[in-house]
Amino acid sequence: MSSIKKEWPLKTGTIQTQGWLSSNENSLLKESALSGNGIARLANYYVQRDVERGRLNQVLTQETDHQHNSVYLVYPQLI
């Protein structure tokens, strides 16, 4: 199985990551992390309950670059 390389922006710079799984499907990434398959970069609101219950641990908290973690909602205009 080939390794997938990605970049994660952090406060002190961008780091290269690599692994066997890359997805834009948050539920898949969260379940993979819950199963002990590594770390995932997910929005706080999406994992808050699992963190509070001790199922997930936050890592790199001092390195989080909130500028790159914004969430946007797009509403299509009705024409």
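Two salt bridges are found in this structure, which is a predicted model. They make a convenient starting point for a reader meeting the protein here. One of them pairs the side chains of K30 and D50, with a nitrogen-to-oxygen distance of 3.0 Å. Because K30 belongs to helix α1 (residues 26-34) and D50 to helix α2, this bridge ties together parts that lie 20 residues apart in sequence. The other links R55 to D50, and here the closest N and O atoms are 2.8 Å apart. D50 takes part in both bridges, and the shared partners join K30, D50 and R55 into one network. In general, side chains of opposite charge can pair when their charged atoms come close.

How buried or exposed are the charged residues of this network? K30 has a relative accessibility of 15% and therefore counts as buried, the cut-off being under 20%. D50 also counts as buried, at 5% relative accessibility. K30 has a further partner besides D50: the charged end of K30 sits over the ring of Y46, 4.7 Å from the centre of that ring. As for pairs between aromatic rings, the count for the model is zero.

It helps to step back to the overall layout. The protein contains two helices and two strands, and from the N terminus on these elements follow the order β-β-α-α. Of its 79 residues, 18% count as buried. The protein exposes about 6900 Å², and carbon and sulfur atoms supply 48% of that area. Among contacts between residues at least 6 apart in sequence, 25% join residues at least 24 apart.

Attention can now turn to the nonpolar residues. In soluble globular proteins, nonpolar side chains tend to be buried together. The largest nonpolar core in this model has five residues, namely L29, A33, L42, V47 and L56. Which residues does L56 touch, leaving aside its neighbours within four places in sequence? L56 is in contact with A33, L34, V47, D50 and V51. Two of these partners, A33 and V47, are fellow members of the core. Another of them, D50, is the residue that forms salt bridges with K30 and with R55. L56 thus offers a handy link between the core and the charged network, touching members of the core as well as D50.

Helix α1 also holds S32. With a relative accessible area of 12%, S32 is buried. Once neighbours within four places in sequence are set aside, S32 is in contact with L21 and N37. L21 appears again in a comparison with G38, a residue of the loop between α1 and α2. G38 and L21 are 17 residues apart in sequence, and their C-alpha atoms are 9.7 Å apart in space. Unlike the buried S32, G38 is partly exposed, with a relative accessible area of 44%.

The last residue to consider is L60, found in the segment after α2 (44-52). What is the sign of phi at L60, positive or negative? The angle is near 60°, a positive value in a residue other than glycine. L60 is partly exposed, with a relative accessible area of 42%.

How values were computed. Residues are numbered from 1 along each chain as its sequence is written. This is a predicted model: local features need pLDDT of at least 70, side-chain atom pairs count only at pLDDT 80 or more; totals for chains, interfaces and linings use all residues. Side-chain values use heavy atoms; hydrogens and water are left out. Helices (H or I, at least four residues) and strands (E, at least two) are DSSP runs, numbered from the N terminus. Buried means under 20% relative accessible area, exposed over 50%, partly exposed in between (1.4 Å probe, protein chains only). Contact means heavy atoms within 4.5 Å. Accessible areas come from the Shrake-Rupley method with a 1.4 Å probe; for residues, only the protein chains shown count as cover. Rings of Phe, Tyr and Trp (its six-membered ring) pair if their centres lie within 6.5 Å; planes under 30 degrees apart count as stacked, over 60 as edge-to-face and the rest as tilted. A charge sits over a ring if NZ of Lys or CZ of Arg is within 6 Å of the ring centre and within 35 degrees of the ring normal. A salt bridge is a side-chain nitrogen of Lys or Arg within 4 Å of a carboxyl oxygen of Asp or Glu. A nonpolar core is a set of buried Ala, Val, Leu, Ile, Met, Phe, Trp, Tyr and Cys residues joined through side-chain atoms within 4.5 Å.
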